[in-house]
Amino acid sequence: MKFPSINFSNLRPLRFLMAALLLAFLWIGSAVPSWAGVSSPSQGEDALKQIQKDSEQVLRGGPPSLEDVQAKAQEGINEVQGGADKEKMKNPANSQGSTSVEEKIKEGMDNIRDIFNP
């Protein structure tokens, strides 16, 4: 039985092209995360200033009383975070139409079962 021979010297330009593409993808991939983080330099500055004021007040006056902590906690999600980014958080009111992880796994398993058992 005679096997067809492959002339590997003909594949050398293809290997060079594949290596060049891989290096290009790695180079671009290392630069893309820095593009994704572009934002306004003043964005978030107000929240940090308020956190700094609260921290300095605690350092000057000692630990807050239980009533102060409870009152601050009632302002938002918790004492530390307050009401910051409350609209971005997931809760039952804004996630009624989403599917749970369990449902996604079941759908994926059904798709795999359909592929292997036609």
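Arg-113 and Asp-110 sit 3 residues apart in helix H4, which puts about one helical turn between them. In this predicted model, their side chains meet in a salt bridge, with 2.8 Å from N to O. Neither partner is tucked away: Arg-113 is partly exposed, with a relative accessible area of 46%, and Asp-110 is partly exposed as well, at 36%.

Helix H4, which covers residues 101–116, holds another pair of this kind, Lys-106 and Glu-102. Here the spacing is 4 residues, again about one turn of the helix. The side chains of Lys-106 and Glu-102 form a salt bridge at 3.5 Å, N to O. Glu-102 counts as exposed, because its relative accessibility comes to 52% and the cut-off for that label is over 50%.

Moving back along the chain, helix H2 runs through residues 45–61 and carries Glu-56 and Arg-60. These two are 4 residues apart, so about one helical turn separates them. Their side chains meet in a salt bridge, and the N to O distance is 3.5 Å. The two ends of this bridge fall into separate exposure classes: Glu-56 is partly exposed at 32% relative accessibility, whereas Arg-60 is exposed at 68%. As a general point, side chains of opposite charge can pair when their charged atoms come close. A search of the whole structure turns up 3 salt bridges.

Charged pairs are just one part of the surface picture. A nonpolar patch is made up of Leu-11, Leu-14, Leu-17, Met-18, Leu-21 and Phe-25. Together, these residues offer about 590 Å² of accessible area. One of them, Met-18, belongs to helix H1, which spans residues 12–36. Met-18 counts as exposed, since its relative accessibility is 51% and exposed means over 50%.

Now for the overall layout. The secondary structure of the protein amounts to 4 helices and 0 strands. Reading along the sequence gives the pattern α-α-α-α. As for burial, just 1% of the 118 residues count as buried, a label that calls for a relative accessible area under 20%. The protein exposes about 11,300 Å². Carbon and sulfur atoms supply 62% of that exposed area.

Methods:
Residues are numbered from 1 along each chain as its sequence is written. This is a predicted model: local features need pLDDT of at least 70, side-chain atom pairs count only at pLDDT 80 or more; totals for chains, interfaces and linings use all residues. Side-chain values use heavy atoms; hydrogens and water are left out. Buried means under 20% relative accessible area, exposed over 50%, partly exposed in between (1.4 Å probe, protein chains only). Accessible areas come from the Shrake-Rupley method with a 1.4 Å probe; for residues, only the protein chains shown count as cover. A salt bridge is a side-chain nitrogen of Lys or Arg within 4 Å of a carboxyl oxygen of Asp or Glu. Patches are made of residues with over 30% relative accessible area and no salt bridge: like charges are joined within 9 Å, nonpolar side chains (Val, Leu, Ile, Met, Phe, Trp, Tyr) within 5 Å.
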